[in-house]
Amino acid sequence: MQHNHHARLQKRGNFCTVPDVGQGAPTFPSLPMVRSNPAPCTHTCAAASAPTAAPGPAAYKASFTQLAHRTCNDLSSVLTPTLDLSTMPRRCSSSVGGSVPGLAMAAAASWLLVVAAVLAGVADGQLQVGFYSSSCPGAESTVASVVRQAGSADPTILPALLRLQFHDCFVRGCDGSVLIKGGGGSAEVDNSKHQGLRGLEIIEGAKTQLEAQCPGVVSCADIVALAARDAVAFTGGPSFDVPTGRRDGKVSNLRDADALPDAHDGIGALRSKFRANGLDEKDLVLLTAAHTVGTTACFFLQDRLYNFPLPGGGRGADPTIPPGFLSELKSRCAPGDFNTRLPLDRGSGGVFDTSILRNIRNGFAVIGSDAALYNDTATVDVVDSYSGLLSNFFGPYFRQDFADAMVRMGSIGVVTGGAGEVRKVCSKFN
Ligand code: HEM
């Protein structure tokens, strides 16, 4: 992504962001072009990332890796000489405080730490934004153009590509294992947890083009991550930088996908499945809000509408569904209808927005796992924090936080450095 290196950084939430156009503040409430992993205010970034108590080398490494991946992941733009670093401490209020020379030194020290962290990451085979900028400069634009074309021909493919990354990352990490086919029904993708997964051929199409451009360079796991990022942007969601450098895994096991969250999972199961992947309740809510776009098959509603275990015994409809909405859902999904599809975000299925969270808050969640987010104080608070109309103006900023959560999800269990392989064909090991 191109950035205006001359732009002054502004503090928003925990980040300094680059105004979209012209000088002044970004336009509210619509923030489509605000970078979602913006350049951090240096001192805040360092303060937030430094381990607090007697950290060992591993803690430092984790901390700096996180720093490099999550908030400082576009250093190339902020380290250019054209940026006036001296303005940053003044424009971004510091939690550290101190005199101007002190701040300047702190800022310089922070930048050195950041540079060291990034260099360590590169040497260690960590993810980084622009990983293919010299080895395959057209990688990101090729994926974007393949996704754009696919989305123009069939807009429903965009949500499918977003879901594909979730299914890749939650099983053995973001290693492209979900793309492997064959094996007589024993491949991971054959697990019923992947029911309805689509878009694998789009990833393969991008891979074919990239193999022609730069053979053996761009991994399928990275194509999945980039395609999901582009799908978010093309449905009206935020544009954001994706760290790349994932390699493809060499294992595909049917049973590994058992670990995926389920549409019938309660809040406890959802929380623990996310926690197992290093994601917290906030990530759970933010990432599930991907259901702002796309559809579900009635298959995933059958139990909720007709076979839900009732408190007094017996089976029927989930009693938490408001009566009017229940009739609506039943009229769309008759008993035994597995194939009809309906939007996950009632009334706003084609647009990337926060309406899904308001639907969840108001009892209009379509699938049970979405409804479950309103069954636990920790997740209720997160849902509420993003559903108010004022959050567009005063934060928390859904678009920015969603993008950050996507980057976190995209870092789960990545294969880097000399491990794994770069597949020639995404559906087959080399
Ligand atoms: C919290 C656990 C989650 C559960 C239980 C869940 C479950 C489901 C189910 C049952 C569907 C319908 C599938 C179909 O009928 O084709 C679906 C669709 C979808 N999911 Fe999730 N999901 C979860 C989290 C996520 C996450 C983390 C993302 C991405 C960040 C995501 C993105 C999507 C998208 C975009 C669709 C629409 C797909 C389409 O229209 O083809 N989901 N999800």
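Tutor: First, a quick definition: helices (H or I, at least four residues) and strands (E, at least two) are DSSP runs, numbered from the N terminus. Also, keep in mind that this model is predicted.

Student: Okay! Where does valine 171 lie?

Tutor: Valine 171 is in contact with residues including Ser177, Glu188 and Leu260, leaving aside neighbours within four places in sequence. Its own place is not in a helix but in the loop between α7 and α8 (200–213).

Student: Is valine 171 buried or exposed?

Tutor: A residue needs 20 or more other C-beta atoms within 10 Å of its own to count as buried. Valine 171 has 28 of them, so valine 171 is buried.

Student: UniProt has a "binding site" (unreviewed entry) at Asp168, Val171, Gly173, Asp175, Ser177 and Glu188. What is the largest C-alpha distance in that group?

Tutor: In sequence, the group is spread over 21 residues. In space, though, the residues cluster, and the largest C-alpha distance is 12.5 Å.

Student: Which helix holds aspartate 168?

Tutor: Aspartate 168 is buried, with 29 other C-beta atoms within 10 Å. Among the residues it touches are Ala221 and Val224, and both of those belong to the α9 side of a helix-helix contact. Aspartate 168 sits on the other side of that contact, in α7, and the helix it lies in is α7 (residues 157–169).

Student: How are α7 and α9 turned relative to each other: parallel, antiparallel, perpendicular or oblique?

Tutor: Their axes are 8 Å apart and the angle is about 140 degrees. Roughly antiparallel would need over 145, and roughly perpendicular means 65 to 115. Neither fits, so α7 and α9 are oblique.

Student: And what is the hand of that crossing?

Tutor: The two helices meet through residues including Leu158 and Leu161 in α7, with Ala228 and Phe234 among those in α9. The way α7 passes α9 is left-handed.

Student: How far apart are the end C-alpha atoms of α9?

Tutor: Helix α9 has 15 residues, numbered 220–234. At 1.5 Å a residue, the helix should span 21 Å. The model agrees with that, because the ends of α9 are apart by 20 Å.

Student: How many residues of α9 are buried?

Tutor: Helix α9 is mostly covered. Out of its 15 residues, the number buried is 15.

Student: What about alanine 206: how far from valine 147 is it in space?

Tutor: Alanine 206 lies in helix α8. In sequence, alanine 206 and valine 147 are 59 residues apart. C-alpha to C-alpha, their separation in space is 8.3 Å.

Student: Now for another pair of helices: how close do the axes of α11 and α18 come?

Tutor: These are α11 (residues 281–288) and α18 (residues 398–409), crossing at roughly 105 degrees. That makes them roughly perpendicular. Residues in the contact include Leu286 of α11 and Phe402 of α18. The axes come within 9 Å.

Student: UniProt also gives a "binding site" (unreviewed entry) at Thr292, Asp345 and Asp353. What is the largest C-alpha distance there?

Tutor: These residues are spread over 62 residues of sequence. Even so, they cluster in space: threonine 292 touches Asp345 and Asp353, among others. The largest C-alpha distance is 9.5 Å.

Student: Last one: is aspartate 345 buried or exposed?

Tutor: Aspartate 345 sits in the loop between β8 (341–343) and α14 (355–361). Its C-beta neighbours inside 10 Å number 28, so aspartate 345 counts as buried.

Terms used. Residues are numbered from 1 along each chain as its sequence is written. This is a predicted model: local features need pLDDT of at least 70, side-chain atom pairs count only at pLDDT 80 or more; totals for chains, interfaces and linings use all residues. The expected span of a helix is 1.5 Å times one less than its number of residues. A residue is buried if 20 or more other C-beta atoms lie within 10 Å of its own, exposed if 12 or fewer, and partly exposed in between; C-beta atoms are placed from the backbone. UniProt positions are given in the numbering used here, feature names are shortened, and annotations may be inferred rather than shown by experiment. Two residues are in contact if their C-beta atoms, placed from the backbone, lie within 7 Å. Axes are lines fitted to C-alpha atoms, for helices over the stretch in contact, and angles run from 0 to 180 degrees between N-to-C directions. Angles under 35 degrees count as roughly parallel, over 145 as roughly antiparallel, 65 to 115 as roughly perpendicular and the rest as oblique. A crossing is left-handed if the near helix is turned anticlockwise from the far one by less than a right angle, and right-handed if clockwise.
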